[in-house]
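Got your viewer open and a selection box ready? Let's take a walk through the side chains, one stop at a time.

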Amino acid sequence: MNDFSFLTTRSSPATERIFAGIDRSFLGSVKDTFGGLGFKPEGLEMIGWTIAIACLAGGLAILANHYFFRRATPIPSGTIIDPSQVAELLQAACDQRHKIEFSFSRDEQISRPLYCSIETLDEGNLILNAGDYIQAHQGWIARPVVCYFRVSARGGSGTAQFYNFESEVAGINKRPDGSTLLTLPLPDRVRMQQKRIHLRMEPPLEYMLGIAIWPELFSEDGQLERRLKRWGKPALAHHAAETGQMHVANISAGGLRIDVPRQTIKETELDFHIGQRFYILTELYDPDMKRKQRLWFIGRVQNRYEDFSTKDLEVGLKFLEIGNISDPETMEIAWTKVGGQGIDNLGNWIQRRHLELYRSKGII
């Protein structure tokens with residue numbers, strides 16, 4: 001009688017369980033059947049080996065799936081892990097002069113995030129210029145940080161994709177001009193993701209028809225001036241068809257960020273100090289509805305960053321109230337508080353534009 005004991009290998013408990021499931025009576029019946037058909041013992045032995053090898057191969061496939069493939073961590077959608085692509089994205093942000101939003105990832109020791117310019121990418125490190133207004137110290141070394149940045153689409157379409165990554169502070173260097181350089185090791189991965197609960201995007205130029213900003217105004221009785229006609233000419237304005245006094249860096253359901261050139265600051269004498277409030281009018285085009293969408297807001301300056309070399313400003317404004325013209329004759333606006341979820345119709349508009357961008361260009 002042929003011995004099929006080789007099928008009961010003791011290489012591991014897992015393989016024993018696999019081979020224990022093989023029906024030995026079935027193997028015996030196969031042997032008897034083929035013997036009755038006139039097969040010689042050598043042929044039966046070959047058949048037995050063939051069956052055994054097939055079972056062993058199946059068992060090894062199951063083990064490989066269990067111990068290797070299932071343990072492999074899938075890469076989340078929108079995550080870039082190729083070192084050359086990571087470096088390419090950061091270099092693009094540097095070339096486009098976009099800022100890196102820098103903050104400590106676990107304990108917020110600074111009240112607001114730092115907005116740093118990218119100095120250079122050098123020998124596996126990212127060098128950030130944090131300006132001359134921070135007091136960095138050795139306690140920052142080796143602390144984990146999370147950074148956010150954006151990269152504009154090629155071809156000057158006016159759209160951008162937002163990314164973030166985690167790293168740590170590896171070095172601090174104070175320059176003679178007073179600016180502080182922060183050295184971070186290049187991250188091993190970059191995620192297509194944003195910090196805020198509201199989706200932000202740099203609005204497509206063809207859909208961002210215009211924006212106007214007025215400093216908040218009060219009437220003689222000390223109440224907020226609701227009559228549009230009393231506001232006068234906007235302090236800042238931008239029209240899609242011409243170069244304006246500012247640029248909308250990004251917009252979300254909860255606020256927007258604007259870039260204000262130094263020349264505009266000198267002409268308007270606006271400082272945009274933290275906490276200052278403004279009336280904001282935005283006019284957007286909705287290609288789905290084929291109509292314009294005019295939105296009124298009261299916004300508060302949440303943060304500001306002054307470029308140490310150009311003296312240009314980046315200003316972040318949070319939407320506090322949304323307005324509706326209650327009396328078309330007097331152009332009086334009634335204001336309603338904005339909840340934690342932001343402006344629904346603005347958020348929906350941004351989401352649709354973002355999906356259009358992703359479908360047409362993928363990860364930028």
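Is Cys147 buried or exposed? Select Cys147 and you'll find that it is buried, with a relative accessible area of 0%. Keep in mind as you click around that this is a predicted model.

**Stop 1: the cysteines**

Leave Cys147 on screen and add Cys116, which holds the closest cysteine sulfur, 7.5 Å from that of Cys147. That is too far for a bond, since a disulfide needs the two sulfur atoms within 2.5 Å. Cys116 is in no disulfide either, and the structure as a whole holds zero of them. Like its neighbour on this stop, Cys116 comes out as buried, with a relative accessible area of 0%.

**Stop 2: the rings around Trp231**

Next, select Trp231 and Tyr279 and show both as sticks. The structure has twelve aromatic pairs, and this is one of them: the ring centres are 3.8 Å apart and the planes meet at 10°, so the pair is stacked. Now turn on the cartoon. Trp231 sits in the loop between β10 (208-215) and β11 (236-239), while Tyr279 belongs to strand β14 (residues 277-286), so the pair ties together parts that are 48 residues apart in sequence. Both Trp231 and Tyr279 are buried.

Keep Trp231 and add Trp296. How are the rings of Trp231 and Trp296 arranged, stacked or edge-to-face? Here the centres lie 5.9 Å apart with the planes at 75°, so this pair is edge-to-face. Trp296 is in strand β15 (residues 291-306), 65 residues from Trp231, and the pair links distant parts of the chain. Both Trp231 and Trp296 are buried.

To see the whole group, add Trp214 and Trp335: together with Trp231, Tyr279 and Trp296 they form one aromatic cluster.

**Stop 3: charges over rings**

Two quick selections here. With Arg143 and Phe104 on screen, look for the charged end of Arg143 sitting over the ring of Phe104, 3.7 Å from its centre. Then swap to Arg257 and Tyr115, where the charged end of Arg257 sits over the Tyr115 ring, 4.4 Å from the centre.

**Stop 4: the nonpolar cores**

Select Leu256, Ile258, Phe272, Ile280 and Leu346. Out of the 30 residues in the largest nonpolar core, these touch the most other members. Colour by element of secondary structure and you can trace where the core comes from: β10, β12 (247-251), β13 (255-260), β14, β15, β16 (313-327) and α6 (344-361) each supply at least two residues. Which element gives the largest share of this core? That is β16, with five residues.

Zoom in on Ile280. Leaving aside neighbours within four places in sequence, Ile280 is in contact with Ile211, Ala212, Ile213, Leu256, Leu295, Trp296, Phe297, Gly299, Leu317 and Phe319. You'll recognise Trp296 from the aromatic cluster.

Then move to a second, separate core, of 28 residues; select Ile100, Val169, Leu182 and Val190, which are among its members. From Val190, hop to Thr79 in strand β1 (residues 79-80). Thr79 touches Arg189, Val190 and Arg191, not counting residues up to four places away in sequence. With 15% relative accessibility, Thr79 counts as buried.

**Stop 5: salt bridges**

There are 14 salt bridges in the structure, and three make good selections.

- Arg175 and Glu119: their closest N and O atoms are 2.5 Å apart. Arg175 is in the loop between β7 (171-174) and β8 (180-185) and Glu119 in strand β3 (residues 114-122), 56 residues apart. Arg175 is partly exposed at 26% relative accessibility, as is Glu119 at 31%.
- Asp259 and Arg150: this bridge spans 4.0 Å, N to O. It links strand β13 to strand β5 (residues 144-152), across 109 residues of sequence. Asp259 counts as buried at 19%, and Arg150 counts as buried at 8%.
- Arg304 and Asp271: N to O is 3.7 Å. Arg304 lies in strand β15 and Asp271 in the loop between α5 (262-268) and β14, 33 residues apart. Arg304 is partly exposed at 27%, and Asp271 is partly exposed at 43%.

For the last selection, take Arg97, Lys99, Arg257, Asp307 and Glu314: salt bridges with shared partners join them into one network. Arg257 is also the residue whose charged end sits over the ring of Tyr115.

Note on methods: Residues are numbered from 1 along each chain as its sequence is written. This is a predicted model: local features need pLDDT of at least 70, side-chain atom pairs count only at pLDDT 80 or more; totals for chains, interfaces and linings use all residues. Side-chain values use heavy atoms; hydrogens and water are left out. Rings of Phe, Tyr and Trp (its six-membered ring) pair if their centres lie within 6.5 Å; planes under 30 degrees apart count as stacked, over 60 as edge-to-face and the rest as tilted. Helices (H or I, at least four residues) and strands (E, at least two) are DSSP runs, numbered from the N terminus. Buried means under 20% relative accessible area, exposed over 50%, partly exposed in between (1.4 Å probe, protein chains only). A charge sits over a ring if NZ of Lys or CZ of Arg is within 6 Å of the ring centre and within 35 degrees of the ring normal. Contact means heavy atoms within 4.5 Å. A nonpolar core is a set of buried Ala, Val, Leu, Ile, Met, Phe, Trp, Tyr and Cys residues joined through side-chain atoms within 4.5 Å. A salt bridge is a side-chain nitrogen of Lys or Arg within 4 Å of a carboxyl oxygen of Asp or Glu.
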